[in-house]
Amino acid sequence: MLVTGANGYVASWLVKRLLERGFDVHGTVRDPRDPSKTGHLRAMARDLPGTLSLFRADLLDPGGFDGAMAGCPLVFHTASPLIVRDVDDPVRDLIEPATRGTRHVLEAADRTQAVQRVVLTSSIVAIYGDAVDLEQIEANRFDESHWNTTSHEGHQPYSYSKALSERLAWKMVAEQARWDLVVVNPGLVLGPGLSRNTNAEGVLIMRDLGNGAHRVGAPELDFAIVDVRDVAEGHLQAGLIPEAEGRHILVSETRSLIEIAATLRDRFGDGFPLPRRTVPNPMAIGYAPLGGIPRAVAKRNVGYPLRFENARARTRLGITFRPVEETVTSHFQQLLNDGLVSAPRRSGSAARGRG
Ligand code: NAP
């Protein structure tokens, strides 16, 4: 089977699970010879029953995925640029690679007789644009029937890139009959990564939190969180369960930054510059650009609750979501071990954590 973007934060766990099960995995990466990107994959392949072959492929290259896809009945398309802050050129950096990449991968599936199923890594941001959108939802909870209709090139371009890509995939699957499409829509992915080399948004949020970016107070902002290991499991089941179909929200629970900080303080002690209070919404909105978030985005998200229905993933894919507390503490511990979060100067016990 094929995993595109095999070195990514999410895909690395998926590759690990596939290798544990003894599958022969083809993985695409942009530079297979870069050990900082692929060393962890090659090391895990040495220890696990499956086999791993890495191929070079760029999302912008129309024929780039054919070689890697040859002979693969199952394709996991995870590769997509993930930039949320300080986007330079939304079309060039997000929308084009995401949508053209999806087109190129699915056109390769059309040409590859072996392919029977494509699992697409979409996102909850293909389901909603901003938290304020929840006010329009009668059930007061987003589910798989909802689509992001509020993002565009100039507002939430990453979300727009994911919504466009998923819509394109549903259009392309309907134009042929050999392969089917199963979509997973993860929330904010947190939890321990398998390589240090990641700028995934969740890693940046946890790093900033631990290093004091919100020491004077955190915005009233909700995150719909899911553990990276549960996201890998969701992909695996979406690929392997024959009856799987449609979209699947992968979210454990929603937590605010203050709640995440409280969990971390409980587990790691008082030594870290974690926020204790919420800053007033007008102030949070006013200062948002300093953290790379446009004011218009802050205005439509700060102070608005976020809720998701995850029953489909639980019942159809059999996912038991890890509690958020387990996810954030194991993630934070890894960032500490890797030196991405600075240990507090005074208390050694706080730096090591309790228990
Ligand atoms: P990640 O670690 O940044 O992985 C993204 C992958 O996409 C990397 O392998 C990256 O390759 C590849 N990629 C980006 N641009 C590419 C291009 N032009 N050509 C070829 N490959 C390219 O982020 P992740 O969190 O694992 O994200 C994986 C998928 O999950 C994405 O589709 C993302 O939208 C989705 N997702 C993520 C989250 C989250 O919170 N992390 C939530 C919902 C959905 P390089 O390493 O070479 O850059």
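Start by selecting the ligand and Lys37: one of the ligand's oxygen atoms sits 2.9 Å from an N or O atom in the Lys37 side chain. Keep in mind as you click around that this is a predicted model.

Now add Asn7 to the selection. Here a ligand oxygen is 2.8 Å from a side-chain N or O atom. Ser80 is worth adding too, but show its backbone this time: a polar backbone atom of Ser80 lies 3.2 Å from an oxygen of the ligand. With those contacts on screen, switch on the surface. On its own the ligand has 890 Å² of accessible area, and the protein covers 88% of that.

Next, widen the view to the whole shell around the ligand. There are 26 residues in it, and the ones that come nearest are Asn7, Arg30, Thr78, Tyr158 and Lys162. Colour the shell by class and you should get 12 nonpolar, 10 polar and four charged residues. Which helices and strands supply at least two residues each to this shell? Select 9–20 for helix H1, 157–174 for helix H5 and 188–190 for strand E7, and you have them.

Time to hide the ligand and go to the seven-stranded sheet. It is open, its pairing is parallel, and the strands run in the order E3-E2-E1-E4-E5-E6-E9. Pick out E3 (51–56) and E9 (246–250) at the edges: each has a single partner strand, so one side of each is left without a neighbour in the sheet. Look along the sheet and you'll see the strands turn, with a twist that averages 20 degrees from one strand to the next.

Zoom in on E1 (residues 2–4) and E4 (residues 74–77), a parallel pair held over three bridges. Label Thr4, and you'll find His77 of E4 standing opposite.

Now bring back the helices that go with this sheet. H5, which you met at the ligand, lies across E5 (117–121), E6 (180–186) and E9, and runs at about 165 degrees to E6. Then select residues 228–240 for helix H7, which packs on the sheet and touches E4, E5, E6 and E9. The direction of H7 makes about 155 degrees with that of E5.

Last stop: the three-stranded sheet. This open sheet has the order E7-E8-E10 and mixed pairing. Its edges are E7 and E10 (253–256), each with a single partner strand, so one side of each has no neighbour in the sheet. The twist here averages 50 degrees from one strand to the next. Highlight E8 (residues 222–227) with E10: the two run antiparallel and are joined by four bridges. Label Ile225 and look opposite for Glu253 in E10.

To finish, show helix H6 (residues 201–210), which lies across E7 and E8 at about 65 degrees to E7. E7 also takes you back to where you began, as one of the suppliers of the ligand shell.

Technical notes
Residues are numbered from 1 along each chain as its sequence is written. This is a predicted model: local features need pLDDT of at least 70, side-chain atom pairs count only at pLDDT 80 or more; totals for chains, interfaces and linings use all residues. Side-chain values use heavy atoms; hydrogens and water are left out. A residue is near a molecule or strand if one of its heavy atoms lies within 4 Å of it. A polar contact is a pair of N or O atoms within 3.5 Å; within protein, one must be able to donate a hydrogen and the other to accept it, and residues adjacent in sequence count only if both atoms are side-chain atoms. Accessible areas come from the Shrake-Rupley method with a 1.4 Å probe; for residues, only the protein chains shown count as cover. Ala, Val, Leu, Ile, Met, Phe, Trp, Tyr, Cys and Pro count as nonpolar, Asp, Glu, Lys and Arg as charged, and the others, Gly among them, as polar. Two strands pair if DSSP finds at least two bridges between them. Axes are lines fitted to C-alpha atoms, for helices over the stretch in contact, and angles run from 0 to 180 degrees between N-to-C directions. Contact means heavy atoms within 4.5 Å.
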